[in-house]
Amino acid sequence: MLNGKRVSFWILWVGAICGWASAPLRAQIRQGPPAMGIPQSPSLVGDTSALALEAQEWLVELIKINTTNPPGNEQAAAKYIAGILTREGITPELLEVAPGRSAVVARLRNSVVPDPSKALLLVAHMDVVGVDRNKWTVDPFGGVIKDGYLYGRGSIDDKGMLAANLAAFIALKRGNVHLNRDVIFLATTDEEEFGEASLKILIAKYWDKLAAGFAINEGGRVVVKNGKVQYVGLQIAEKVSVNISVTATGKGGHASRPSKDNPVVHLAAAVDKIGNYTTPVRLTSVVRRYFEGMSAIEDDETAKWLRVVDTPDRGEHAQRVLSDMNPTWNSMMRDTIAPTMLQAGVRANVIPSEARAVLNVRLLPGDTIDVLVNDLKKLVDDPLVKLEVMPNGGLAAPNSSMETAFYAMMTKVCAKEFGGAPVLPYLSTGATDSAQLRLHNVQAYGLRPFPLTDEEEGRVHGDDERLPLASFAKGVDLITRIVAEFSVSQ
Ligand SMILES: [Zn+2]
């Protein structure tokens, strides 16, 4: 095909599911000569709207399968996904992680001898967090469509992406294209609890089935402001979650004879000091690049501060202003400490002998918990109060590279998808499975491909989580284009 002349051909994508076979989906894969310098787009995917509608059906069904974690019960979702893949002529594999909990993996090969360093992994998790049913206006597991939204726990986090990944993967198969790398679809378990059925266990047991050089996962953002996409954040690094327990001890006894060593009082004083402590700012290279990009699109007042955030004379003041303006930005600039749990006492008239608090700490990549704990010990300065790092903290992983061809390509395709919106590297304040992947040398990039307002994104893990259907269709389109562009041979 590489004869120097631009050749286009049509590939028929057969929609074979749920009656879609009568309306075949077409995609155009246009091939061209290798260009000098920046390569031109090797593939132009056609209209994906029918594919998105099909994927929307899958998403509705996935929401109806209650995978609240704990206990997860992802096996039912895994079987549903395996059924879809099987009908497409793809052979899925269910990977047992724990009783009732299976991941699904499937692979489209470019050759009989796999080259894991080139492979692309599409990963999304099947489990969801719990709901407070009374606060929902619809059944959170009903797959309800209303006013252009699909309501449901997991519609945004992360079943939307799961369905979009599945669509992109199946599109490749239907296109019958020649791949330049293996493409692996993976639906994982236990992401929300990061427990004994999570990706770390999957990797330990089945790495040879998952190994890849590149991955697309959740963790990024397509931010909608004033009715249009303001920017796309591609997550290349994430903060690390660690819990610290704070324990105050005393003699305890009858509340009618209080003494100075009441653990409730000592704990309260310690939590007060910690809660009001401001950790130092450290601007990582990713955050510098992000702020620089944001300064070009924010309003004049905000942009003014963003531009000087890293300067010696006005930097400190700017950091304060920006921290107050936006809690996400605050968290992107420093380690944060949030006291989240308090425990003390069994009776109103008994002074307990112990009182305990839990702090959830989010470390910047590269910072260590021991340094922070030492600072906090000095701050609390109370021999009756003990601070201890709790087990099962997150792992500090290296950043994914901003220099890979994949990153450059994603940047280009995202910008095109959203009318030239800037695409910025992003440090997510929340943790994702990508840390596990990055620790295994995978260049993992976080992208939640659905354009969402702050209000919509704020419903993740909250009440009435709902995904705008138009945003879902956009997300399916974007992922399909990224995957095709990266993995279809020129
Ligand atoms: Zn998630």
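Reader: Is glutamate 218 buried or exposed?
Author: Glutamate 218 is buried, at 4% relative accessibility. Buried means under 20% relative accessible area, exposed over 50%, partly exposed in between, with a 1.4 Å probe and protein chains only.

Reader: Ok, and what kind of model is this?
Author: This is a predicted model, where local features need pLDDT of at least 70, side-chain atom pairs count only at pLDDT 80 or more, and totals for chains, interfaces and linings use all residues. Residues are numbered from 1 along each chain as its sequence is written, and side-chain values use heavy atoms, leaving out hydrogens and water.

Reader: Which residues coordinate the zinc ion?
Author: His125 (NE2), Asp157 (OD) and Glu218 (OE, listed twice) do, at 1.8 to 2.7 Å. Donors are N, O and S atoms within 2.8 Å of the metal (3.2 Å for Na, K and Ca); water is not among the atoms, so sites may look incomplete.

Reader: How are those donor residues spaced in sequence?
Author: The spacing is H-x31-D-x60-E.

Reader: And aspartate 157, buried or exposed?
Author: Aspartate 157 is buried too, with a relative accessible area of 6%.

Reader: Switching topic: how many aromatic pairs are there?
Author: The structure holds twelve. Rings of Phe, Tyr and Trp (its six-membered ring) pair if their centres lie within 6.5 Å; planes under 30 degrees apart count as stacked, over 60 as edge-to-face and the rest as tilted. One of them is phenylalanine 214 with phenylalanine 406, edge-to-face because the planes sit at 70°, with centres 5.6 Å apart.

Reader: Which residues do ring pairs link into a cluster?
Author: Phe214, Phe406, Tyr407, Tyr445 and Phe486. Tyrosine 407 and tyrosine 445 are both buried.
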